[in-house]
Amino acid sequence: MMEEIVFESTHPIYVEVLSSRASRNITLRVQLRKKDTIRMRVPRNTTRDDILAIARTNESWIRDQLEKLPPLVVPTHGESIHYQGIRCRIVPGSVPGVRIDGKVLEVGCKAAEVPREIKQFLIGKAAGYMKPVVYGCARELGREVREVRFRDPVSIWGSCSRAGRVTLSWRLAMAPPYVQRAVAIHEACHLAEMNHGRRFYSLLRKFCPGYRAADRWDSDFGRTLQRYDFGDR
Ligand SMILES: [Zn+2]
């Protein structure tokens, strides 16, 4: 069950309450895709008064976490967006579609459709770059890929199923190519090793010696990529 309550003192904090029989403890987590929103997971019998009391008790921690988040950006004309690790200005384009010119992203469509148009562009670019990396790595590992698909998960960049289905975030098209490559190889290595054990890391080091640099990029900028609001959530 999900309920939204607004907790107001200086400026409003939105609390999404998720109550379930399975939760024994109370957990708080900032919502990357929403403005000033925290998700509180509580045991089913928690009352509204309890929830407000918890929010109040933790208010300074919550505000601190929310303030640390990169700003939520709707990528439209006049704004900037990351593309392959470079911040690009979004300007109206004279022809339909998206064109990249240095640090400028020209988007030719109605203003209201710009975020969607950019999203489609990013999906295409992510697939164009990362799919061959996954297939190439799988070939060297002697494993079969059933499918590479692009989705929009909030808290992970990719996953790999036992059936050989690799799922990657199309938001990675906003990250530098070495980061895209590292994530694609990471998931491809799971085709051979489903865990994060020693054998997995020796494969990852072999195919992607610079994977730690990608981890560092992720810890510095990963949340920024999640804060672009393409209007579909
Ligand atoms: Zn993994």
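Three bridges join β10 to strand β11 (residues 165-169), and the two strands run antiparallel; strands here are DSSP runs of E with at least two residues, helices are runs of H or I with at least four, and both are numbered from the N terminus. Within this pairing, Ser159 has Thr167 of β11 as its bridge partner. The structure is a predicted model, in which local features need pLDDT of at least 70 and side-chain atom pairs count only at pLDDT 80 or more, while totals for chains, interfaces and linings use all residues. Residues are numbered from 1 along each chain as its sequence is written.

The β10 and β11 strands belong to an open sheet of three strands with mixed pairing, in the order β9-β11-β10, where two strands count as paired if DSSP finds at least two bridges between them. Its edge strands, each pairing on one side only, are β9 (147-151) and β10 (158-160). Helix α3 (residues 114-141) lies across β9 and β11 and runs at about 150° to β9; axes are lines fitted to C-alpha atoms, for helices over the stretch in contact, and angles run from 0 to 180 degrees between N-to-C directions.

A further open sheet is formed by four strands in the order β5-β6-β8-β7, again with mixed pairing. Here β5 (80-83) and β7 (97-101) are the edge strands, each of which pairs on one side only. Strand β7 pairs with β8 (residues 104-108) in the antiparallel sense over five bridges, and Gly97 has Gly108 in β8 as its bridge partner.

The table sets out the average turn of neighbouring strands in each sheet, direction ignored.

| Sheet order | Average angle between neighbouring strands |
|---|---|
| β9-β11-β10 | 15° |
| β5-β6-β8-β7 | 35° |

At the level of the whole chain, the protein is divided into domain 1 (2-68) and domain 2 (80-226), with bounds that come from an automatic or database domain assignment. The centres of domain 1 and domain 2, taken over C-alpha atoms, are separated by 31 Å.

Gln31 is found in the loop between β3 (27-30) and β4 (37-43). This residue is partly exposed because 17 other C-beta atoms lie within 10 Å, given that 20 or more would make a residue buried and 12 or fewer exposed, with C-beta atoms placed from the backbone. Leaving aside neighbours within four places in sequence, Gln31 is in contact with Glu16, Thr37, Ile38 and Arg39, a contact being a pair of residues whose C-beta atoms, placed from the backbone, lie within 7 Å. Gln31 and Tyr14, 17 residues apart in sequence, are 9.8 Å apart in space, C-alpha to C-alpha.

Methods: Contact = placed C-beta atoms within 7 Å.
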